[in-house]
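Hi everyone, thanks for coming. I'd like to walk you through one structure today, so have a look at the screen.

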Amino acid sequence: MSIRYLRPDEHDLIGAIIGESFTGDPVNDFLLGPKASITAYNTFVARELYLKHGFGHVADDPSDGTMW
């Protein structure tokens with residue numbers, strides 16, 4: 001598996017990956033609600049914060065990713 005940096009236009013991709021990963025997590029479920037809300041929130045912060053002022057990674061398959 002190879003890992004690459006996310007492009008600035010890949011906020012939907014990383015939002016979906018993080019939404020899938022954190023659905024079922026008690027804290028995220030309590031704060032954000034269902035999977036659609038977790039995905040929407042993470043897509044928003046990826047677009048407005050992480051991919052503008054930080055960076056992220058994604059696996060080539062794309063099963064995993066990060067935002068920093």
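Let's start on the outside: which residues make a nonpolar surface patch of about 400 Å²? They are Tyr-5, Phe-55 and Trp-68. For a patch, we take residues with over 30% relative accessible area and no salt bridge, joining like charges within 9 Å and nonpolar side chains (Val, Leu, Ile, Met, Phe, Trp, Tyr) within 5 Å. The areas come from the Shrake-Rupley method with a 1.4 Å probe, and for residues only the protein chains shown count as cover.

Before I go on, a quick word on where this comes from. This is a predicted model, where local features need pLDDT of at least 70 and side-chain atom pairs count only at pLDDT 80 or more, while totals for chains, interfaces and linings use all residues. Residues are numbered from 1 along each chain as its sequence is written, and side-chain values use heavy atoms, with hydrogens and water left out.

Back to Tyr-5. You'll find Tyr-5 in strand β1, residues 3-5. Helices (H or I, at least four residues) and strands (E, at least two) are DSSP runs, numbered from the N terminus. Tyr-5 counts as exposed because its relative accessibility is 55%. The scale goes like this: buried is under 20% relative accessible area, exposed is over 50%, and partly exposed is in between (1.4 Å probe, protein chains only).

Now the charged side chains. How many salt bridges does a search of the whole structure find? The search gives 6, where a salt bridge is a side-chain nitrogen of Lys or Arg within 4 Å of a carboxyl oxygen of Asp or Glu. One of them joins Arg-4 and Glu-10, at 2.8 Å from N to O. Is Glu-10 buried or exposed? Glu-10 is buried, because its relative accessible area is 8%, whereas Arg-4, at 35%, is partly exposed. This pair also sits in a network of salt bridges that links Arg-4, Arg-7, Asp-9 and Glu-10.

Another salt bridge brings Lys-35 and Glu-20 together, at 2.4 Å from N to O. That one links distant parts of the chain: Lys-35 is in helix α3 and Glu-20 in helix α1, 15 residues apart.

And how do those helices sit? Helix α1 (residues 11-22) packs against helix α3 (residues 35-53) at an angle of about 135 degrees, and their axes are 7 Å apart. Here axes are lines fitted to C-alpha atoms, for helices over the stretch in contact, and angles run from 0 to 180 degrees between N-to-C directions.

That's my tour, thanks!
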